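Hi,

Here is the structure I promised to pass on to you. Have a look at it first, and then read on for my notes.

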Amino acid sequence: MKIDYHRSTEDYIAFHENYWGTDRGFKAQLLTFLILAPLFVFGIIFIIWGFNITTLIVSIMVAAVLDIAVSRSWTKNSMRQLLRNMKEMNPNDYSGDYTLELGEDILVETHGALRQEATYEKITRLTHDSSRYFIYIGKTQAIILPFSAFANDQENIRFVEFLKQKCPTIG
């Protein structure tokens, strides 16, 4: 199976958003912080005021505000950094015309002179957002395949069924 498609800068950004939204390691780091921050706040307030119902209520309120503010700003700052980095890169590094060839034992993605090969065993997961697939090869690398690469829903379904057949771990 051979699929020709165009990948845009938006596809590349969407991959990073998908990674941050679905990666267990990233979620674990954020969750750890969101648990430790309230405990730290509660400890400080407890030391200052002692333990009573007021201390508990104030700690919960401060921790909730801190959790919301920090988790949102962390994600926004990460996206801002990504956008700054992308402006410094050559746009042709992550956007342009691609070809994905699905062979019997390997899949090959080409973009100009660049060629990336992977066996189906290396595919760790298949996720998607509203307009593209992310075929993860390892923890932090993925082939980004826009839905526009398929002429119709039947081709799209055939592609997913083929991948699930080759990679039982993503089924």
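**Salt bridges and burial**

Asp11 has a relative accessible area of 5%, so this residue is buried. Please keep in mind throughout that the model is predicted.

What does Asp11 pair with? Its partner in a salt bridge is Arg132, and the closest N and O atoms are 2.6 Å apart. Asp11 belongs to helix α1 (residues 9-22) and Arg132 to strand β6 (residues 132-137), so this pair ties together parts that are 121 residues apart in sequence. Arg132 is buried as well, because its relative accessible area is 10%, where the cut-off for buried is under 20%. The pair also belongs to a wider arrangement: Asp11, Asp129 and Arg132 are linked in a network of salt bridges.

Arg132 turns up again if you look at Thr127, a residue of strand β5 (residues 123-128). Setting aside neighbours within four places in sequence, Thr127 is in contact with Asn18, Arg132, Tyr133, Phe134 and Tyr136. Thr127 counts as buried because its relative accessibility is 15%.

The count of salt bridges comes to 5. Another one of them joins the side chains of Glu109 and Arg7, at 3.3 Å from N to O. Since Glu109 lies in strand β3 and Arg7 in strand β1, the pair ties together parts that are 102 residues apart in sequence. Both Glu109 and Arg7 are buried.

Then there is Lys166, whose side chain meets that of Glu104 in a salt bridge (2.8 Å, N to O). Lys166 is in helix α4 (residues 153-166) and Glu104 in the loop between β2 and β3, so the pair ties together parts that are 62 residues apart in sequence. Is Glu104 buried or exposed? Glu104 counts as exposed, because its relative accessibility is 60% and the cut-off for exposed is over 50%.

**The strands around β2**

Strand β2 (residues 96-102) is mostly covered, with 5 of its 7 residues buried. How does β2 pair with strand β1 (residues 2-7)? The two run in the antiparallel sense, over 6 bridges, and Ile3 stands opposite Leu100 in β2.

β2 is also joined to strand β3 (residues 106-111), again in an antiparallel fashion, by 4 bridges. Here Leu102 stands opposite Leu107 in β3. β2 and β3 form a hairpin, and 3 residues lie between them. If you come back to the Glu109 and Arg7 salt bridge with this in view, you will see that it links β3 to β1, while β2 pairs with β1 and with β3.

**A nonpolar patch on the surface**

Turning to the outside, you will find a nonpolar patch with about 1300 Å² of accessible area together. It is formed by Phe40, Ile44, Phe46, Ile47, Ile48, Trp49, Phe51, Ile53, Leu56, Ile57, Ile60 and Met61. Which helices supply it with at least two residues each? They are α2 (24-49) and α3 (53-88). α2 gives the most to the patch, with 6 residues.

Met61 is a good one to click on if you want to see the α3 side, as this residue lies in that helix. Met61 is exposed, because its relative accessible area is 52%.

Best wishes

How values were computed. Residues numbered from 1 in each chain as written. Predicted model: local features only at pLDDT ≥ 70, side-chain atom pairs only at ≥ 80, totals over all residues. Heavy atoms only, no water. Buried < 20%, exposed > 50% of the residue type's maximum accessible area, 1.4 Å probe, protein only. Contact = heavy atoms within 4.5 Å. Patch = residues over 30% accessible without salt bridge, like charges linked within 9 Å, V, L, I, M, F, W, Y side chains within 5 Å. Areas by Shrake-Rupley, 256 points an atom, 1.4 Å probe, with all protein chains shown as cover. Salt bridge = Lys/Arg side-chain N within 4 Å of Asp/Glu carboxyl O. Pairing = 2+ DSSP bridges.
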